[in-house]
Amino acid sequence: LSEEACRIFELDPQTPEAKIYQRALDRIHPEDRAAATSAYRQALRTEGAYDFNHRLLLPLAGECWVHARGRVRLDTRGKAISLSGTVQDISARRREEAEREALNREKLLLLESTGEGIYGIDTDGRCTFINQAGAQMLGYQVQELIGLDIHELIHHHRTDGSPYPSAQCPVFLATLSGESCR
């Protein structure tokens, strides 16, 4: 193992080669050990590749996430002669993803708990999200509105029936400027 791999696995780089692989495997989180072992064994049987994420349970750092990727080479008799690959600590990325998911769940709960119609559009004026109340007010299901040009759907004309250009639409202009509007 490289110095960096030893650092990730919290292993002493001076550990004899015969023991270091098993010690690295022992660091795999108990709940992920069967899946990781299966992926490695499959690669060993087929001279194949492995590419997966799993957790480690480390003496100092505790639980962390890694991305393991590599390939096994076999000799002419089908015996594994080498395993080469990379391991990357992805704990920070996993934490960020979990935080984003939690924030998205909170936003969804907030959006769905109000009786007001709330929607968002991209810089082309297409609906990126809408809550259930907004969809009901417009007479649609939520999924029917995603991707539609909202201006064409609900701001397409003035009360006198004359066309209402999207370039003059306060909602569309607010999206471009980043300012809020009501």
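The legends below describe close-up views of a predicted model.

**View 1. The two cysteines Cys6 and Cys64 are not bonded to each other.** A disulfide is a covalent bond between the sulfur atoms of two cysteines. The structure holds zero disulfides. For Cys6, the nearest cysteine sulfur is that of Cys64, 14 Å away. A disulfide needs two cysteine sulfur atoms within 2.5 Å, so a pair 14 Å apart does not count as one. Cys6 is buried, with a relative accessible area of 1%. Cys64 is buried too, at 6%.

**View 2. Helix H2 has its buried residues on one face.** Helix H2 covers residues 17-26, and its buried residues are Ile20, Ala24 and Leu25. Seen down the axis of H2, these residues fall within an arc of 135 degrees, so they line one face of the helix. An α-helix has 3.6 residues a turn, so residues three or four places apart point the same way. The buried residues of H2 pack against two other helices, H1 (3-9) and H3 (33-46).

**View 3. Arg55 and Asp32 form a buried salt bridge.** Side chains of opposite charge can pair when their charged atoms come close. Here the closest N and O atoms of Arg55 and Asp32 are 2.9 Å apart. Arg55 belongs to strand E1 (residues 49-58), while Asp32 sits in the loop between H2 and H3. The pair links distant parts of the chain, 23 residues apart. Both residues are buried. Arg55 and Asp32 also belong to a network of salt bridges that includes Glu31 and Glu63.

**View 4. Arg69 and Asp51 form a salt bridge between two strands.** The closest N and O atoms of this pair are 3.9 Å apart. Arg69 lies in strand E2 (residues 62-74) and Asp51 in strand E1, so the salt bridge ties together parts that are 18 residues apart in sequence. Arg69 is partly exposed, at 49% relative accessibility. Asp51 is also partly exposed, at 47%.

**View 5. Asp75 and Arg77 form a salt bridge.** The closest N and O atoms of Asp75 and Arg77 are 3.3 Å apart. Arg77 is exposed, with a relative accessible area of 70%. A search of the whole structure finds six salt bridges, and this pair is one of them.

**View 6. Ile118, Phe129 and Ile146 make a nonpolar surface patch.** The area of the patch is about 210 Å². Ile118 is placed in the loop between helix H4 (91-113) and strand E4 (119-121). Ile118 is partly exposed, with a relative accessible area of 31%.

Technical notes: Residues numbered from 1 in each chain as written. Predicted model: local features only at pLDDT ≥ 70, side-chain atom pairs only at ≥ 80, totals over all residues. Heavy atoms only, no water. Buried < 20%, exposed > 50% of the residue type's maximum accessible area, 1.4 Å probe, protein only. Patch = residues over 30% accessible without salt bridge, like charges linked within 9 Å, V, L, I, M, F, W, Y side chains within 5 Å. Areas by Shrake-Rupley, 256 points an atom, 1.4 Å probe, with all protein chains shown as cover. Salt bridge = Lys/Arg side-chain N within 4 Å of Asp/Glu carboxyl O. Helix = DSSP H or I, 4+ residues; strand = E, 2+ residues; numbered from the N terminus. Arc of directions from axis to C-beta. Contact = heavy atoms within 4.5 Å.
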